[in-house]
Amino acid sequence: MSIVPKENVEVIAQCIGINNLSPDVALAVAPDVEYRLREIMQEAIKCMRHSKRTTLTADDVDGALNLRNVEPMYGFASGGPLRFKRAIGHRDLFYLEDKDLEFKDVIDAPLPKAPLDTAVFCHWLAIEGVQPAIPENAPVEVILPPSDVKINEQKEGLPVDIKLPVKHILSKELQLYFDKITELVVSRSNSVLFKKALVSLSTDSGLHPLVPYFTCFIADEVARGLGDYSLLFALMRVVWSLLQNPHIHIEPYLHQMMPSVVTCLVAKRLGNRLSDNHWELRDFTAKVVALICKRFGHVYNTLQTKLTKTLLNAFLDPKRSLTQHYGAVQGLAALGMNVVHLLVLPNLEPYLRFLEPEMLLASQKNEMKRHEAWRVYGALLRAVGQYIYDRVKIFPPLPSTLAGSVLRTNAKVITTAFSNKRKSNADHLEGQPPLKKMVIDGPMGVTPTNSSASYMEGTVIPAASGNSNLISPTSSRPMQDETISGSTSSKGKRDDQILKRSAVLSQVWKEDLNSGKLLTSMLDLFGESMFCFIPSPELSLFL
């Protein structure tokens, strides 16, 4: 039984505009109201005890509400304890007495001091030895050592204790290491020493103090050297090596590194020379983006969302260049097959209609533009083909049919492809063992025992009679009994294989998988080029 009566719940409901609250609902809500009140009061009592007081005030209740993330009450001050009076005629009803105030007394009273609530705020003094430029931190100009004139002025007045900002101190070995790496990146990125430096970046355990310096170096060089292809590729290889290093924590610097990486993926122009293979740079950068999302996607929930939004905007914007479209497609494909399914496939058909005029010689005379269009077409084909490949590989392996088996049908099997050959080899067949009689549910067929005849092609035509059996006239009774017993045991295996095949087919053509329809639509868009992405066993399901 709750100490809060249901009548109080009904009165509160009427105060907030709910007039048709049923008694059953009020009776069910009352215990929960009591529980919440007890919870708030217990927190308020804790606040009171921490304040070294024995009287509960409205500030304590406000503190308890803040701890529970509830909006505090307004209109109550902590000038003194609240005095409740019992309502006449009601045993459990109390109210606060409002005193009548004279306007003259209120106007003549002096203004009270503005209340200042005590609060604690957190901010970064320094991150990895670098002081962030935020309003809470004093600017560097204020805390620099004063000049001689100011020192003399300060000596006459009050003494001022000025502390210099803490500098990020690096050992001389780390400074030499950083200078050597940056020199190799800028001027000797094709040397063997640079490859060894990349190995060191990916394995050395003492490089964490250099991570902010490498991050700033990469951002500056990418912004400054978009025309230098070898420099951009070397910078992306440095990023890849830093991501591979398990001993450094690069998460705090991803927000500085991601713009540089995305620039190398979807920039309009990377490199100034025609010989610069910027396609390879975009492919490699797409792998870097996929690695970042794979490693840190669970730490930063919005990382992949923002990245896919940026790439999708670059992919669907017709004003962007085809090189930017290529980088966006490669980036989306590298993020996984779910991204391709959700973002690329729905926009594939309209984009190919936009891309088709750029691929034809009749409509696009610029050879470079046609080459870029075919590059984008190849990236789309590879992304969709990889998605189709992963989709069909979810089906279990199909059981292969046994050699020499006869399908269950009400028809005769008459071979036509090798009829002349059979006539010419009639004498040879007479010397072979007698033909075996296969026992199945329908009409029986004849299967030669030699392996060469079991792979002959045939044509199925309706039988003349409902029970037409082909039995070798040279077969003996013991051989027939042996064949019947052997074929009965193999019948169960064939039935299991037929059931498995039918189950796989039904799974393939399910509406939720929809693989057959998807493959058909992709064949309409890309033609027979899609077949090279489907393994032969799975391809047999669709043909």
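Contact here means heavy atoms within 4.5 Å. With that in hand, this predicted model can be walked through from the N-terminal helices onward.

Start with helix 1 and helix 2. Lys6, Val9 and Glu10 of helix 1 (residues 6-15) meet a set of helix 2 residues made up of Pro23, Ala26, Leu27, Val29 and Ala30. Sorted by class, this contact of helix 1 with helix 2 has six nonpolar and two charged residues, with no polar ones. Helix 2 covers residues 23-50, and its axis lies 8 Å from that of helix 1, at an angle of about 105°. Angles of 65 to 115 degrees count as roughly perpendicular, so helix 1 and helix 2 are roughly perpendicular to each other.

Stepping back to the chain as a whole, the secondary structure comes to 21 helices and six strands. The chain has 543 residues, and buried residues make up 33% of them. Taking contacts between residues at least 6 apart in sequence, 64% join residues that are at least 24 apart.

As for the nonpolar cores, the largest has 93 residues, and the members that touch the most others are Leu380, Ile388 and Phe526. Setting aside residues up to four places away in sequence, Ile388 touches Leu518, Leu519, Met522, Met530 and Ile534. There is also a second, separate core of five residues, with Ile40, Val61, Ala64 and Leu65 among them.

Two loop residues have backbone angles worth a look. Most residues other than glycine have a negative phi. Lys52, however, has a phi near 60°, a positive value in a residue other than glycine. Lys52 sits in the loop between helix 2 and helix 3 (58-67), and is exposed, with a relative accessible area of 76%. Asn69 also has a positive phi, of about 55°, although Asn69 is not a glycine. The loop that holds Asn69 runs between helix 3 and strand 1 (84-86). With a relative accessible area of 74%, Asn69 is exposed.

Further along the chain, helix 7 (residues 192-203) and helix 9 pack with their axes 7 Å apart, at an angle of about 30°. Angles under 35 degrees count as roughly parallel, so helix 7 and helix 9 are roughly parallel to each other. On the helix 7 side, the contact is made by Phe194, Lys195, Leu198, Leu201 and Ser202. Helix 9 brings Ala234, Arg237, Val238, Ser241, Leu242 and Gln244 to this contact. By class, the contact of helix 7 with helix 9 has six nonpolar, three polar and two charged residues.

Helix 9 also holds Leu231. At 7% relative accessibility, Leu231 falls under the 20% cut-off and so counts as buried. Apart from neighbours within four places in sequence, Leu231 is in contact with Val185, Val186, Glu221 and Gly225. Leu231 and Gly271 are 40 residues apart along the chain, and their C-alpha atoms are separated by 9.3 Å.

Next comes helix 10 (residues 254-266), with 13 residues and a reach of 18 Å from the first C-alpha to the last, close to the 18 Å expected at 1.5 Å a residue. The buried residues of helix 10 are Leu254, Met257, Met258, Ser260, Val261, Val262, Cys264, Leu265 and Val266. These buried residues pack against helix 8 (211-224), helix 9 (229-244), helix 11 (278-296), helix 12 (303-316) and helix 13 (322-334).

Helix 11 has two buried residues to point out, starting with Leu281. Leu281 has a relative accessible area of 0%. Leaving out neighbours within four places in sequence, Leu281 is in contact with Tyr229, Leu232, Phe233, Met236, Cys264 and Leu270. Of these, Tyr229 is 52 residues from Leu281 along the chain, with 8.2 Å between the C-alpha atoms.

Arg282 is found in helix 11 as well. Arg282 is buried despite being a charged residue by class, with a relative accessible area of 0%. Again leaving aside neighbours within four places in sequence, Arg282 is in contact with Cys264, Leu265, Val266, Ala267, Lys268, Arg269 and Leu270, along with Thr323, Tyr326 and Gly327. Tyr326 is 44 residues from Arg282 in sequence, yet the two are 8.1 Å apart in space, C-alpha to C-alpha.

Conventions: Residues are numbered from 1 along each chain as its sequence is written. This is a predicted model: local features need pLDDT of at least 70, side-chain atom pairs count only at pLDDT 80 or more; totals for chains, interfaces and linings use all residues. Side-chain values use heavy atoms; hydrogens and water are left out. Axes are lines fitted to C-alpha atoms, for helices over the stretch in contact, and angles run from 0 to 180 degrees between N-to-C directions. Helices (H or I, at least four residues) and strands (E, at least two) are DSSP runs, numbered from the N terminus. Angles under 35 degrees count as roughly parallel, over 145 as roughly antiparallel, 65 to 115 as roughly perpendicular and the rest as oblique. The expected span of a helix is 1.5 Å times one less than its number of residues. Buried means under 20% relative accessible area, exposed over 50%, partly exposed in between (1.4 Å probe, protein chains only). A nonpolar core is a set of buried Ala, Val, Leu, Ile, Met, Phe, Trp, Tyr and Cys residues joined through side-chain atoms within 4.5 Å.
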